Amino acid sequence: MNRPEREAAVRRIMEQSPPRVPPGLYADAVRLGDRALRRRTAARRLLWLLLLTAAVAFTVWVLTARPWVAPPSGTTPPLTGW
């Protein structure tokens, strides 16, 4: 099929009437879209809750463990030369 034949075939297809859409298709698409939107919103809220929980847990750990303070030494160095 050369270019003019392809163009003619495309023109014939475009001149035809568009295919009929089933009557319940719009309602199904809206229902599925609403469900996907609710799932996405719930997942986003769950992730924010998880992030907030991790931040609170980290803050509590930092305040109780004080990781920036050096641990006390277990033994005393020997005193020599006194």
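**Exercise 1.** In this predicted model, state in which helix L52 is found, and decide whether L52 counts as buried or exposed.

*Solution.* Begin with the secondary structure: L52 is found in helix α2, which comprises residues 25–65. Next, take the relative accessibility of L52, which is 53%. Since the cut-off for exposed is over 50%, L52 counts as exposed. Finally, place L52 among its partners: together with L46, L49, V56 and V60, L52 forms a nonpolar patch on the surface, and these residues have about 480 Å² of accessible area together.

**Exercise 2.** Classify T53 by its accessibility, and identify the backbone oxygen that its side chain reaches.

*Solution.* T53, too, is found in helix α2. Its relative accessible area is 45%, and because the class between 20% and 50% is called partly exposed, T53 is partly exposed. Turning to contacts, the side chain of T53 reaches the backbone oxygen of L49 at a distance of 2.8 Å. As for position, T53 and G24 are 29 residues apart along the chain, and their C-alpha atoms are separated by 44 Å.

**Exercise 3.** Work out what span helix α1 should have and how far apart its end C-alpha atoms are, then explain why α1 lies largely in the open.

*Solution.* Helix α1 covers residues 3–15, that is 13 residues, which at 1.5 Å a residue should span 18 Å; the expected value uses one less than the number of residues. The end C-alpha atoms of α1 are 18 Å apart, in agreement with that expectation. For the second part, one of the 13 residues of α1 is buried, so the helix lies largely in the open. At its N-terminal end, α1 is capped by N2, with a side-chain oxygen 3.2 Å from the backbone nitrogen of E5.

Terms used: Residues are numbered from 1 along each chain as its sequence is written. This is a predicted model: local features need pLDDT of at least 70, side-chain atom pairs count only at pLDDT 80 or more; totals for chains, interfaces and linings use all residues. Side-chain values use heavy atoms; hydrogens and water are left out. Patches are made of residues with over 30% relative accessible area and no salt bridge: like charges are joined within 9 Å, nonpolar side chains (Val, Leu, Ile, Met, Phe, Trp, Tyr) within 5 Å. Accessible areas come from the Shrake-Rupley method with a 1.4 Å probe; for residues, only the protein chains shown count as cover. A salt bridge is a side-chain nitrogen of Lys or Arg within 4 Å of a carboxyl oxygen of Asp or Glu. Helices (H or I, at least four residues) and strands (E, at least two) are DSSP runs, numbered from the N terminus. Buried means under 20% relative accessible area, exposed over 50%, partly exposed in between (1.4 Å probe, protein chains only). A polar contact is a pair of N or O atoms within 3.5 Å; within protein, one must be able to donate a hydrogen and the other to accept it, and residues adjacent in sequence count only if both atoms are side-chain atoms.
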